[in-house]
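Me: I'm new to this one and would like to learn how to read it. Could you walk me through it step by step?

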Amino acid sequence: MARLIKTEAVVEGRTEVRWTLVEEDSTPEWPADQPPGVVGEPTTRLTAGARLSGSARYTSDMQLPRQLEATVLRSPHANARLTSISLDAARAVPGVRAVIGPGDCPQFDGEAVLHDEPPYGGAAVAAIAAETREAADEAMAALDPQWEPLGFVVDLDQSLENQTFQDDPVEYERGDAETALAAAELTITSDYLAPAQLHNSMEPHCAVADWRPDGLTLWSSTQGIYQARSQLCGSFGLDQEHVRVICHFMGGGFGSKFGCGPEGVIAAELSRRAGRPVRLVLSRRDENLSTGYRTPARFSFTIGAGCDGRLQAVEASAVMGLGTGGWAYPVLEPVKSVYACEHQHLMTLPMRLNLGPAAAFRAPGVMEGTWAFEQALDELAEAAGLDPLELRRRNHTDVDPSTGRPYTSKRLLESYDLAAELAGWDARDELRSDGRVRRGMGCASQYWWGGGGPPAYADVRIGSDAKPVLTVGMQDLGTGVTTACAVVLAERLGIRPDQVTVRTGDTDLAGHGPFSGGSMTLASVAPAVRSAGHHVRTQLLELAADMFEIAASDLELTEGEVRSTDGTLRRPIHDVTEKLGNAWVTGSGSRAPNPDGMAVNTFGCQIAQVAVDTLTGLITVERVVAVHDIGRVVNPMGARSQVLGGILQGIGFALSEERVVDPTTGTVVNAGLEDYKIPTLADLPEVECRFVGEPDPELALGIKGLGEPPIIPTPGAIGNAVAHALGLRLREAPYTPRRVLEALQ
Amino acid sequence: MSAQSYTAATSVDEALEAMATGARPIAGGTDLVVGARGGKAPLPDALVAIHRVSELRGIREQEGGLVLGALATHADIVASSSACELFTALADASAIVGSHATRTAGTIGGNVMNASPAMETGGPLICFDAVATLRSASGTRRVALTDLFTGPGRTVAEPGELLTELAIPTPKDGTGSCYARLEYRRQMEIAIVGATAVVTLDGGTVRDARIAITALAPTIHRVAEAEQALNGSDASDAAVHAAADAAAGASRPISDVRGSAQYRRAMAAVLTRRAISTAITRARGGRFPIPASPALHGAVNGGAA
Ligand SMILES: Cc1cc2nc3c(=O)[nH]c(=O)nc-3n(C[C@H](O)[C@H](O)[C@H](O)COP(=O)(O)OP(=O)(O)OC[C@H]3O[C@@H](n4cnc5c(N)ncnc54)[C@H](O)[C@@H]3O)c2cc1C
């Protein structure tokens with residue numbers, strides 16, 4: 001029977017209360033100690049072959065009959081007013097089918113998509129759809145826009161002085177920080193400056209829209225097909241039944257692709273006007289100017305502690321450069337929630353700048369906040385004469401320090417111990433030298449949410465050939481969640497994961513589910529998949545019971561066979577399903593809520609070893625030990641690859657990635673991949689990756705999330721390792737050779 | 001970005017014919033096409049593809065040296081044992097061009113004729129006395145690599161001239177060489193600073209030293225003062241330092257988002273020193289991995305890829 005229930009979920013640091021529809025569920029829990037069968041075995045991605053051979057179809061690969069190509073005119077100025085534009089001249093170019101300017105396009109999420117006063121360099125102003133890319137380019141040249149440049153602010157301090165906020169400042173207080181600081185035996189103050197990191201997903205933002213009299217279909221590179229659908233309904237006044245959003249394969253998003261994006265609205269509007277399908281794929285440069293970034297932030301900490309290193313009070317502020325969009329990402333969460341500390345006063349100031357809108361980026365706020373605060377903690381450890389890991393152990397908390405709630409599970413102390421052992425932490429001072437190359441080792445803690453929750457739905461059907469089709473209301477942004485779902489279903493049906501066909505990424509399929517974010521997808525959908533699989537299993541066993549005249553309770557599905565528990569019957573599952581002919585056995589499942597009143601978090605610890613070339617200033621990360629508590633590991637191969645990716649992206653933040661803005665023009669000077677340095681696979685250090693978490697006893701299937709956790713501690717651990725190597729601390733990331741050499745002088 | 005006309009030549013003569021009417025040659029396209037897509041320069045109106053011209057392929061040994069066909073790819077060069085043994089600096093250079101994909105598509109002819117002041121193989125080719133053969137519909141001429149580059153993206157070649165091959169004489173016995181670049185990452189990088197050293201030892205004495213600097217001036221060029229500091233010396237640390245300082249002194253770097261002029265000048269000395277020391281090690285018969293660059297910067301990288 002279906003019920004509507006009210007649940008609470010923490011998504012990227014924001015608590016949301018939602019109503020959800022859930023089905024009653026009689027699926028037995030997995031035992032904690034022995035992950036059954038395929039669960040916990042390394043499983044190659046089901047889509048690996050398609051991805052490698054190029055047969056996987058991404059949104060940017062779509063080629064519909066009569067499809068038009070779109071381009072977007074973007075402002076070259078940091079802030080300007082459009083004084084004239086020749087839309088008609090562009091329309092007159094042969095091959096041009098639609099041209100729209102400011103005022104011609106519906107809004108996206110209540111905001112203008114085409115601007116007559118573009119507030120940043122790269123803001124969209126007009127859009128063109130034409131038969132060919134060349135015709136579109138020619139029409140672009142004909143637009144002849146005239147600008148009146150306006151004053152602009154791209155400097156954080158300037159914006160602070162002007163008090164121009166993009167989002168409301170966030171203040172958090174517990175206890176009495178001021179008094180406690182005055183009384184503390186040890187106090188340290190320190191500042192850190194985090195850079196703007198650009199997402200640079202391999203696939204840029206893109207959309208293919210096909211507007212027809214009977215409805216709109218949008219192929220979108222999106223982390224949220226259902227969110228995209230409701231945004232399109234909002235923009236165009238359509239109802240859900242007439243909008244279909246599809247995302248079969250996706251080349252990453254990292255938080256920058258929630259919903260359909262302005263590109264979805266532009267493509268749809270152009271398609272509506274032209275009566276033809278329209279494809280809009282952003283160039284790398286436009287991507288890096290307009291689709292988001294991790295916010296740059298200036299952190300200031302005053303920390304008070306006892307001589308024993310126990311935290312007593314923290315006063316902290318974070319000034320964030322949000323540009324023209326985004327929200328106050330939880331940059332001070334690591335101060336608030338990771339350690340026991342009674343007195344706190346935290347202030348987050350999200351400033352507006354004449355730059356593109358910020359967007360969530362893999363552990364938004366928390367990664368950069370961890371980078372800064374974990375280094376401040378090392379400064380405290382030094383002041384207290386304590387081993388940095390010992391300082392962290394001493395400040396461990398058994399309950400969420402801001403709410404007092406118990407955790408569903410927490411294995412942070414175990415993470416410290418294992419990481420220290422694997423890294424050779426106790427001998428870390430032996431790495432140090434005065435030579436040309438200096439080595440050091442540093443650690444950082446990891447804290448994040450995860451855990452998932454409703455709504456999530458799945459359907460399974462199995463036909464005569466015993467190869468089930470699993471439909472899940474979600475999209476796979478590239479994390480491998482599709483494969484993990486196949487593993488979960490395979491366990492229930494006693495088959496191999498590669499025998500499962502998984503259908504996702506289409507709002508016209510049954511069910512719906514979460515967007516891919518907050519490290520919540522697998523933990524949300526896996527229980528629904530398992531429950532759907534269980535329904536099918538139950539029915540198959542009943543059919544087998546009829547056929548073989550053995551009670552269903554004495555039968556099981558294992559290794560592709562129906563077996564009786566006494567071992568007398570072993571027949572391929574196919575022997576049962578072939579009787580179905582063209583009929584299906586079907587089952588559906590949904591995700592039940594998490595327990596009330598408990599904190600659901602993932603934890604971990606990383607230790608990095610670095611080598612610093614003191615003559616060139618180049619830093620090499622030689623080794624990273626990553627230990628994370630993520631509950632049950634469904635596919636160790638997928639989990640490890642998330643960890644490697646997170647570490648590499650963290651290395652980019654720490655060492656080489658930085659959006660550079662020319663202060664005199666307010667425009668970004670390195671929006672291309674030639675000068676914006678993302679680490680390559682060859683830069684990946686040796687990684688020792690372990691998971692300490694046993695299945696979380698309070699969560700469905702014991703699964704927590706892993707998408708975001710691995711990036712969180714990497715930059716902080718690198719920062720601490722560099723400080724250990726050099727005996728001095730770099731306060732601004734990335735640690736480019738120039739900054740390293742300046743610090744050494 | 002489309003060109004107005006495109007033909008694919010199957011012989012040098014066909015290519016020259018097309019070039020005589022204004023077509024630009026395209027080999028691997030990794031500079032030309034990628035540059036056009038990135039908005040650096042539009043594609044020329046007429047293109048003649050030369051990748052099917054088999055006469056231009058391959059690496060062959062000939063009396064007194066090696067001949068690189070214009071279509072020899074960076075991957076070909078790294079796979080050639082003669083290149084690795086005799087012209088180690090060149091192998092150091094080709095081995096770090098772009099990524100695997102770039103090295104199998106990108107050619108030595110394209111690298112040279114694109115004439116970027118930051119390109120990898122120029123320094124080694126200049127120091128090894130390479131000579132380019134330029135052919136046009138009206139004849140053939142040979143140009144020493146030292147005289148080829150005239151500025152960023154510019155060479156002495158006339159529009160109708162095709163580079164057909166590069167001949168490099170075998171260095172004297174006792175020669176070791178190295179090309180090193182400063183890189184912010186291990187693949188897909190552009191030299192922030194590069195240095196080439198080709199050192200010939202006779203006993204303990206430097207008989208001949210060739211030093212060139214890359215990404216430090218409008219063209220890649222040799223630095224006579226640096227070579228003088230090393231020639232006739234005992235290859236001591238002091239001599240190496242003096243030579244490297246002279247190389248830095250001769251540099252005229254620019255400031256851009258990749259590095260300030262000041263940083264580049266400072267690094268000119270460091271990189272030249274490392275290149276010379278490694279060349280000396282190799283001249284003495286010591287082993288040093290190819291490519292030299294990642295290993296030179298103090299870091300050993302394990303792990304995937
Ligand atoms: C991702 C990437 C990374 C790269 N990394 C590096 C790097 O690390 N180091 C480096 O040096 N370069 C690098 N490059 C640049 C490029 O790959 C090399 O310069 C390559 O050798 C160019 O060869 P090509 O055959 O692709 O040249 P093309 O693009 O085909 O041609 C380049 C130019 O030379 C001309 N040309 C080509 N062949 C001839 C000929 N036979 N006669 C006359 N003119 C000719 C063309 O007209 C054109 O102007 C990189 C490029 C990319 C895309």
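Me: Let's start with the ligand. How many residues of each class are in the shell around the ligand?

Reply: Start by sorting the shell by residue class. This is a predicted model, and here the shell has 15 nonpolar, eleven polar and four charged residues.

Me: Which residues come nearest to the ligand?

Reply: Of the 30 residues around the ligand, the nearest are G28(B), G98(B), G106(B), G110(B) and N111(B).

Me: And which element gives the most to the shell?

Reply: For that, go through the helices and strands one by one. At least two residues each come from β2 (24-26), α2 (32-37), α6 (100-105), α7 (108-114) and β10 of chain B. The top contributor is α7(B), with five residues.

Me: Where does the ligand shell lie with respect to the domains of chain B?

Reply: Check which domains supply its residues. Domain 1 (1-52) and domain 2 (53-169) of chain B both do, so the shell lies between them. The domain assignment also gives chain B a domain 3 (176-293).

Me: How do I read the contact between domain 2 and domain 3 of chain B?

Reply: Look at both sides of it. On one side are 25 residues of domain 2 of chain B, in contact with 26 residues of domain 3 of chain B. On the domain 2 side, α5 (88-94), α8 (122-127) and β8 (149-151) of chain B give two or more residues. That side of domain 2 divides into 15 nonpolar, eight polar and two charged residues. As for spacing, the C-alpha centres of domain 2 and domain 3 of chain B are 20 Å apart.

Me: Now the sheet. What is the order of its five strands?

Reply: Read an open sheet from one edge to the other. In chain B the order is β4-β5-β10-β6-β7, with antiparallel pairing. At the edges stand β4 (59-62) and β7 (139-144) of chain B, each with a single partner strand, so one side of each has no neighbour in the sheet. From one strand to the next, the twist averages 25 degrees.

Me: How many bridges join β6 to β7 in chain B?

Reply: Six bridges join β6 (residues 131-136) of chain B to β7(B), and the two run antiparallel. To find a facing pair, look at L134(B), which is opposite R141(B) in β7(B).

Me: Which helix lies across β6 and β10 of chain B?

Reply: That's α1 (residues 12-20) of chain B, and α1 runs at about 125 degrees to β10(B).

Key: Residues numbered from 1 in each chain as written. Chains lettered and ligands numbered in written order. Predicted model: local features only at pLDDT ≥ 70, side-chain atom pairs only at ≥ 80, totals over all residues. Pairing = 2+ DSSP bridges. Helix = DSSP H or I, 4+ residues; strand = E, 2+ residues; numbered from the N terminus. Axes fitted to C-alpha atoms, helices over the stretch in contact; angles between N-to-C directions. Contact = placed C-beta atoms within 7 Å. Domains from an automatic or database assignment. Nonpolar A, V, L, I, M, F, W, Y, C, P; charged D, E, K, R; others polar. Near = placed C-beta within 6 Å.
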